[in-house]
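Hi everyone, thanks for coming. I'd like to walk you through one model today, so please have a look at the screen.

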Amino acid sequence: MKEDSLANKVYIEVRKKILSSQLVGGARLVESAWAEKLAVSRVAVREAFMRLAGESLVEFGEKGGCFVKKMTVEDVKDIRELRELLEIGALKILFAKRDDEVIRDLELICNDFSEMVSKGYYGGACEADVRFHERLVEGSCNSRLISIYKNSNIPLFHMKLGAILGQMEDYVDTEKEHRAIVEALKTGDWERAHSTLLSHLDRGEQEALELV
């Protein structure tokens with residue numbers, strides 16, 4: 001197998017464990033241990049770690065070593081502010097476009113979320129939660145806005161936070177808020193959509209701050 005394919009193998013495995021909180025903030029990632037565990041070279045492991053560092057999931061210590069990046073208060077506040085700018089902006093564009101296909105997609109994602117929660121598949125519910133916000137942004141059809149959103153690693157932060165929380169009341173509130181946004185889009189109620197999304201983001205910020 002080519003070295004880049006082996007590096008991707010390591011990247012996918014370590015990334016999955018970080019996002020599911022099997023590897024917590026501050027945990028040290030030892031090159032030799034991962035190379036042995038996944039039967040790859042240390043070069044492949046190092047390349048994977050560099051890629052993860054580019055996504056702000058890991059960081060390199062001043063005296064060497066690679067560590068899972070801890071979520072700080074500054075991270076939470078910065079991402080909350082950025083999400084408001086990007087997602088409210090996308091929502092405003094959606095109201096101007098009134099694209100029925102996007103609304104249907106958002107409704108289907110709400111249904112997926114509900115089904116995952118009812119079956120106890122909380123990892124799947126977390127993924128559906130992230131998909132809802134990604135689809136909202138993608139629905140703007142603004143390539144620059146979409147690029148900024150994805151490159152900011154907001155979806156990764158969102159996924160990691162969801163994996164840490166995993167509380168039933170959070171899932172109930174999330175479904176209510178998502179469906180309220182979709183209903184407001186259907187009826188053209190901008191004030192309801194705007195206030196619901198802001199409340200949704202505020203709640204996420206407060207829950208995140210309790211963890212750091």
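When I say helix or strand, I mean a DSSP run, numbered from the N terminus: H or I over at least four residues for a helix, E over at least two for a strand. What you see is a predicted model, where local features need pLDDT of at least 70 and side-chain atom pairs count only at pLDDT 80 or more, while totals for chains, interfaces and linings use all residues. Residues are numbered from 1 along each chain as its sequence is written, and side-chain values use heavy atoms, with hydrogens and water left out.

Let's begin with a cysteine. Cys-126 sits in helix H6, residues 122–138. Buried or exposed, then, for Cys-126? Cys-126 counts as buried, at 7% relative accessibility; buried means under 20% relative accessible area, exposed over 50%, and partly exposed in between, with a 1.4 Å probe and protein chains only. From Cys-126 to Phe-113 the C-alpha distance is 7.8 Å, with the two positions 13 residues apart in sequence.

How far can we trust the model? pLDDT is the predictor's confidence in each residue, from 0 to 100. For the protein chain the mean pLDDT is 89, with 92% of residues at 70 or more. Confidence is highest in helix H5 (residues 100–118), at 96, and lowest in helix H8 (residues 154–165), at a mean of 67. Where pLDDT is low, the predicted coordinates should not be read in detail.

Now the sheet. Three strands make an open, antiparallel sheet, in the order S1-S3-S2. S1 (28–29) and S2 (58–60) are the edge strands, each with a single partner, so one side of each has no neighbour in the sheet. Two strands pair here if DSSP finds at least two bridges between them, and S1 and S3 (residues 66–68) pair over two bridges. Arg-28, for instance, has Phe-67 in S3 as its bridge partner. Helix H3, residues 42–54, packs on the sheet and touches S1, S2 and S3, contact meaning heavy atoms within 4.5 Å. The direction of H3 makes about 110° with that of S2; axes are lines fitted to C-alpha atoms, for helices over the stretch in contact, and angles run from 0 to 180 degrees between N-to-C directions.

On to the charges. Counting a salt bridge as a side-chain nitrogen of Lys or Arg within 4 Å of a carboxyl oxygen of Asp or Glu, the whole structure has 20 of them. One of these joins Asp-202 and Arg-80, with the closest N and O atoms 2.6 Å apart. Asp-202 is in helix H10 (residues 190–209) and Arg-80 in helix H4 (residues 73–97), so this pair ties together parts 122 residues apart in sequence. Arg-80 is buried at 11%, whereas Asp-202 is partly exposed at 34%. Both belong to a salt-bridge network with Lys-77, Glu-84 and Glu-205.

Finally, helix H9, residues 168–187, which holds Glu-177. Glu-177 is buried, at 15%, and its side chain makes a polar contact of 2.4 Å with that of His-200. Within the same helix, Arg-179 and Glu-175 lie four residues apart, about one turn, and their side chains form a salt bridge at 3.0 Å, N to O. A polar contact, by the way, is a pair of N or O atoms within 3.5 Å; within protein, one must be able to donate a hydrogen and the other to accept it, and residues adjacent in sequence count only if both atoms are side-chain atoms.
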